[in-house]
Amino acid sequence: MASCPQCTQGFVLDGEPQGTIMVDGAYFHAAPPTETTDTTSPSRAVVLLTDIFGLPLKNSKLIADALSKQLGCDVWVPDVFAGHPPVAEAELEPLMPQRPGEKMTWTNRLRFVLLALPRIFRFIAVRPAVVDPRVVAFTKKLREEKKYAKIGAVGYCFGGSICIRTGSLGIFDSLVIAHPGGCTLDQIKAINIPSAWVMAEEDMAFSKELRHQAEASFAARKDKPEYVDYEFKDYKGTVHGFAARPNLSIPGVAEAFKGSVEQTVAWFKKTL
């Protein structure tokens, strides 16, 4: 199942992707060429892990383009759903309130149930036991074939949960986790690489209690061998999904979306 009704709401960004769909279905935006670019041994790359709409929703590709240009590195968006994302772009549903503090109507609750029930088997098909090994295999292949010195991962919603679960497996060097879907505190505590957290003010999938427990768990490692760098940044006036499917017509959301990209770029410049 989707983590919450907010996982199926959102908006399509303007613009057209400038990258390429590769043979394996992944989206790729190459680092912009520079006079000092060493094409034989690129120093870093970023893997972007999408929300449940996957690659058919162009937002992830547009964000990948922006990150590639601003970081000056290759950005890859793997097809974690093997061509079958649980929810299609045409099914984008503004079911949830768009601002913190607003209440979900009973009509929209019913609409969410009607949207989710026929898709139960789609979500079973993309359970962690299926998608996590795909991400691990994809990233290991990148390291072997492209010889990247470091690889960071940024994940949104569903992809944020993948970042958390794989953050202790030694396949990534740094993480940016944007309003993740379902996860546990134990999974968060297992992360052993630098991580930046892009937090919505109100998030049904990632409660305030879990958000504060997560930050406290990292703070508790200070001055200990297991300490890793981290940061949590909250974006006022936002709800789950704002960094991936923002409603730019709402005052403050456009600034928060821009801020989430800037936070991601700054973090990877610092840690990769």
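Leaving aside its neighbours within four places in sequence, which residues is Thr139 in contact with? The legends below start with the whole protein and then get to that residue, and the model they describe is a predicted one.

**Figure 1. The whole protein, with its eight helices and eight strands.** Here's the full picture before we zoom in. The protein has 272 residues, and buried ones make up 54% of them. Take the contacts between residues at least 6 apart in sequence: 73% of these join residues at least 24 apart. As for the outside, the protein exposes about 12,400 Å², with carbon and sulfur atoms supplying 56% of that area.

**Figure 2. An open sheet of eight strands with mixed pairing.** Walk across the sheet and you meet the strands in the order S1-S2-S4-S3-S5-S6-S7-S8. S1 (20-21) and S8 stand at the edges with a single partner strand each, so one side of each has no neighbour in the sheet. Further in, S3 (residues 44-49) and S4 (residues 74-77) pair up parallel, over three bridges. One residue to look for here is Val47, whose bridge partner in S4 is Trp76. Helix H8 (residues 253-271) packs on the sheet and touches S3, S5 (150-156), S6 (174-178), S7 and S8. Its direction makes about 170 degrees with that of S8.

**Figure 3. Strands S7 and S8, joined by seven bridges.** S7 (residues 195-202) and S8 (residues 230-239) run parallel. To spot the pairing, find Ser195 and then look to Tyr230, its bridge partner in S8. The chain gets from S7 to S8 by way of helix H7 (residues 208-219), and this β-α-β crossover is right-handed. H7 lies across both S7 and S8, running at about 165 degrees to S8.

**Figure 4. Thr139, a buried residue in helix H4.** Back to the opening question: Thr139 is in contact with Val47, Ile151, Ile171 and Phe172, once its neighbours within four places in sequence are left aside. Val47 may look familiar, as it's the residue bridged to Trp76 in S4. Thr139 sits in H4, which covers residues 128-146. Why does Thr139 count as buried? Because its relative accessibility is 0%, while the cut-off for buried is under 20%. The side chain of Thr139 also reaches the backbone oxygen of Val135, at 2.8 Å.

**Figure 5. Gly241, in the loop between S8 and H8.** Is Gly241 buried or exposed? It's buried, with a relative accessible area of 3%. Now look at Gly241 together with Cys157: they are 84 residues apart in sequence, yet their C-alpha atoms are 6.7 Å apart in space. Gly241 touches Cys157, and also His179 and Pro246, not counting residues up to four places away in sequence.

**Figure 6. Lys147 and Asp223, two loop residues with positive phi.** Some background helps with this one. Most residues other than glycine have a negative phi. Lys147 has a phi near 60 degrees, and Asp223 has one near 65 degrees. Lys147 lies in the loop between H4 and S5, whereas Asp223 lies in the loop between H7 and S8. Lys147 is exposed, with a relative accessible area of 51%. Asp223 is exposed too, at 74%.

Methods:
Residues numbered from 1 in each chain as written. Predicted model: local features only at pLDDT ≥ 70, side-chain atom pairs only at ≥ 80, totals over all residues. Heavy atoms only, no water. Helix = DSSP H or I, 4+ residues; strand = E, 2+ residues; numbered from the N terminus. Buried < 20%, exposed > 50% of the residue type's maximum accessible area, 1.4 Å probe, protein only. Polar contact = N/O pair within 3.5 Å; in protein donor to acceptor, adjacent residues only side chain to side chain. Contact = heavy atoms within 4.5 Å. Pairing = 2+ DSSP bridges. Right-handed = clockwise from strand over helix to strand, strands pointing away. Areas by Shrake-Rupley, 256 points an atom, 1.4 Å probe, with all protein chains shown as cover. Axes fitted to C-alpha atoms, helices over the stretch in contact; angles between N-to-C directions.
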